[in-house]
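Let's take a walk through this fold, one sheet at a time. Have the model open beside you as you read.

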Amino acid sequence: MPVEELRAGTYSDKYFVRTRNVLRADRHSPNVLMQVFCKASAVLCGVDEAIAILKLASDDWPALTVHALYDGDRVEPFETIMTIEGPYDAFAHLETLYLGTLARRTRIATQTRRIVDAAAPKDVFYFPARHDHYAVQAGDGYAAHIAGVAAVSTDVQGAWWGGEGIGTVPHAAIAAYGGDTALAASKFAENLPESVQLVVLVDFENDSVKTALEVARALGPRLYGVRLDTSGTLVDKSVISAMGQFDPRGVNPELVVNVREALDGAGFESVRIVASGGFGVDKIRTFEAMGVPVDAYGVGSSLVANHGDFDFTADIVLTDGKPRAKVGRTHKPNPRLEEVP
């Protein structure tokens, strides 16, 4: 954390910094109880980070008493998830920071948990790095871990919890080897350690059955899985003959079944199928309800898009021990909160 800048208020809404300055200039240091809540049902995340902000960037951490829930707790709308008690001028400048942290991490954790629950017991791989700024990767990867993803795609996403990035043989590598997926996969197998589980994208030629079989034959037991990632604007060659009763575009149940049956028929029953490309909660639920033979889902943009009201609000509800909340707010003690040491 850029602690000195946080203390100075560089990242804070200006009115909070000015509030602190006015209180100090006026030598007015009221003791307040700040109450924090989320407006939606959510999987709470960002608490540890918010506490770190208070510990490192408040003007007098020992003077503060903080009670909070834990990262990963499920919370209801308007439930108090944290309280901060102490001289207001000691932490007035930090409201923007801890609320923003809670909002971002909770949004990622909640949306990811919905995906994880929809896919359970199958794995979900966290693949949204290319859909957002690189600076958010570490915290978002931690939130995804809290929500139960099986793996992340970058090392930074795993940095806060000891994970590391996984991935596939990408389209770019296939293009670099002249569009020959089996050749590119073979080069990965030759040059990467055995500990790396090789998963290969097989939609480069828009003929996933053919390419999956070519890769399986080229790599044999070294192949961990194939990844179906057909664009939502394309129809894979293997489903053209069956068109008319379903939406044939992108990764659809018929395509997955075709690849599974082809692999099994050729003796490659152990090769796993990872499905990606446009998967969100609804699509995964549909696949699972139909019993589509997917082994894992790779999910990207739907995890970082804003699908709910995960804003957090902080209100002073007591000042010097007396009720002092704005109209519409009230002191709401929560017995689930635990004091932060």
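How many bridges join strand β10 to β11, and do the two run parallel or antiparallel? There are 3 bridges between β10 (residues 272–276) and β11, and the two strands run parallel. Before going on, some housekeeping: residues are numbered from 1 along each chain as its sequence is written, and side-chain values use heavy atoms, with hydrogens and water left out. This is a predicted model, so local features need pLDDT of at least 70 and side-chain atom pairs count only at pLDDT 80 or more, while totals for chains, interfaces and linings use all residues. Helices (H or I, at least four residues) and strands (E, at least two) are DSSP runs, numbered from the N terminus, and two strands pair if DSSP finds at least two bridges between them.

Back to β11, which covers residues 296–299. On the β10 side, S276 stands opposite G298. Strand β6 (residues 123–126) also runs parallel to β11, joined to it by 4 bridges, and here V124 stands opposite Y297. Both faces of β11 are covered: A296 and G298 on one side, Y297 and V299 on the other, are all buried (under 20% relative accessible area, with exposed meaning over 50% and partly exposed in between, using a 1.4 Å probe and protein chains only). In a regular strand, side chains alternate between the two faces of the sheet.

Now zoom out. These strands belong to an open sheet of 6 with parallel pairing, in the order β7-β6-β11-β10-β9-β8. Its edge strands are β7 (151–152) and β8 (198–201), each pairing on one side only. From β8, 4 bridges lead to β9 (residues 223–228), again in parallel, and V199 has G225 in β9 as its bridge partner. Helix α8 (residues 208–219) packs on this sheet and touches β8 and β9, its direction making about 165 degrees with that of β9. Contact here means heavy atoms within 4.5 Å; axes are lines fitted to C-alpha atoms, for helices over the stretch in contact, and angles run from 0 to 180 degrees between N-to-C directions.

Helix α8 also meets α9 (residues 253–265): their axes come within 9 Å and cross at roughly 35 degrees. S208, V209, A212, L213 and A216 in α8 face L255, N258, V259, A262 and L263 in α9.

There's another open sheet of 6 strands, this one with antiparallel pairing, in the order β13-β12-β1-β5-β3-β14. At its edges stand β13 (322–323) and β14 (338–339), each with a single partner strand, so one side of each has no neighbour in the sheet. Inside the order, β3 and β5 are joined by 4 bridges and run antiparallel, with V66 partnered by I84 in β5. Helix α4 packs on this sheet, touching β1 (31–38), β5 and β12 (312–319), and its direction makes about 135 degrees with that of β12.

Two more helices are worth a visit. In α3 (residues 47–57), the buried residues are V47, E49, A50, I51, I53, L54 and A57, and their cover includes α1 (3–8), β3 (65–68), β5 (80–87) and α4 (95–119). Helix α2 (residues 14–25) holds R20, which is buried, with a relative accessible area of 9%. A polar atom of the R20 side chain lies 3.0 Å from the backbone oxygen of R7. Leaving aside neighbours within four places in sequence, R20 is in contact with R7, A8, D59, D89, A92 and H93.

Conventions:
A polar contact is a pair of N or O atoms within 3.5 Å; within protein, one must be able to donate a hydrogen and the other to accept it, and residues adjacent in sequence count only if both atoms are side-chain atoms.
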